[in-house]
Amino acid sequence: MRSTELVQWFRQSTPYVNMHRGKTFVIMLDGDTIASENFINIISDIRLLHSLGIKLIIVFGARYQINELLIQHQISPVYHKNIRVTDLRTLELVKQAAGKLNYDITSRLSMRLPHSSLLNVVSSNFILAQPIGVDDGVDYLLSGKLRRIEVENIKQQLEKDAIVLIGPVAPSVTGESFNLPFEEIATQVAIKLKAEKLIGFSSTQGILDEQGISIPDLLPQDAAQHLQKLIEQDQYHSSQARFLQAAIDVCRAGVHRSHLLSYEEDGSLLQELFTRDGVGTQLSMENSEDIRIATARDIPSLLELIHPLEQQGILVKRSREQLEMEINRYTIIDRDGVIIACAALNVYEQEKMAEMACVAVHPDYRSSSRGDVLLEEIQKRAKNLGIEKLFVLTTRTVHWFQERGFRMANVEDLPKEKREHYNYQRRSKILIKPLSEENS
């Protein structure tokens, strides 16, 4: 990465650093993730998240390692309704695999780096289990389900700046140990702790579409369809399927965002959390972009968006004071707290006309449909105000507006007040669109 790119990345990541600080993230690490060559880098990135003030709970699974041990001991795994039946001999191997992973993860997280303090990683009896019991005549034996989560104990450790580590083996009130699905633990911990995010990993960069391209955003109902496909393909125990089961449940229970990333690509975790578009798949109850009226809190971001266009002479310069007085005229597209597009609506009531002004789209999104989204929203606002004609003054985007129904016009066609302040030196082209055409 060149120095200028590094500087730009730091600047763009700053809003996300501030946004995530003090929030609680639950990170799912399944056995495949832990066994990957890139796992050491994932651990380094997790340490970095902690250093930025993010409260972390790591829930790990060991299915891959358990199956390896079962093969070594020539034991055939037994499943009923996709849940492992755990006898005493299998439980010993489960404890062996989970115990080793617990130690390995703790050791790697605790590795001291130059100019940094030792990380406090805590794994304790944060959860209690109970037996699943018998289903359709099949005894699950020592396979269990969650009975209780010690929420206050976990919160206390997080307040002490510790990373909480929870594995798939948990005790019961009778002193027995049970093998639990780690996705069930992650789901309930995220819900009970009211986590901001649930993060998981798979071999691909999120959920892929039919062309093999990552799907950036999923709603729960869409995620459920992908999960059903995986189950039909006999991939119930895949990393993707287990994440989707958890993500759908936590999303519907109020956890704002769930993210699925590749455990094979270095830096996926940081790119997903600290860039505008991320790299994997995000699951939430609503789209990550919000179209809304700007408020005074948006002024710094608005200035940052329009300033480069003002310097290039594309937009007329606006002072901070002018923005403050006119802020309610602006419609913005907010992507996870970052303004990526804006447009103002200046109304001339007497002539029943309005100007779409200060149209700006972030360079990263100019090849997308954000301009059309803004235009549609501005037209809606104008029509709701009884406006009959919408006009624009532009020096660079005449064709774009003509393709969307605007027609060339003259200064005499502008509202009286706008005519009197028209800047002949800029020689802006005037285009007008009758909004009644939108209803025809």
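This passage describes a sheet and the largest pocket of a predicted model. In this predicted model, local features need pLDDT of at least 70 and side-chain atom pairs count only at pLDDT 80 or more, whereas totals for chains, interfaces and linings use all residues. Residues are numbered from 1 along each chain as its sequence is written, and side-chain values use heavy atoms, with hydrogens and water left out.

An open sheet of eight strands (DSSP runs of E of at least two residues, numbered from the N terminus; two strands pair if DSSP finds at least two bridges between them) follows the order E5-E10-E2-E1-E13-E15-E16-E14, with mixed pairing. Strand E5 (121-122) and strand E14 (217-218) are at the edges with a single partner strand each, so one side of each has no neighbour in the sheet. Within the sheet, strand E2 (residues 55-60) pairs with strand E10 (residues 163-166) in the parallel sense over three bridges, and Val59 stands opposite Ile166 in E10. Helix H7 (residues 182-192; helices are DSSP runs of H or I of at least four residues) packs on this sheet and touches strand E1 (24-29), E2, E10 and strand E13 (197-202), where contact means heavy atoms within 4.5 Å.

The largest pocket (on a 1 Å grid over the protein atoms alone, an open set of points where a 1.4 Å probe fits, with protein on both sides within 12 Å along at least five of seven lines) holds about 1,200 Å³ of space, the volume being that filled by probe spheres set on the points, which are joined across faces, edges and corners. Its lining, made of residues with an atom within 4 Å of a point, comprises 42 residues, of which Leu315, Ala357, Cys358, Val359 and Leu393 lie nearest the centre. The largest share of this lining, seven residues, comes from E20.

Conventions:
Axes are lines fitted to C-alpha atoms, for helices over the stretch in contact, and angles run from 0 to 180 degrees between N-to-C directions.
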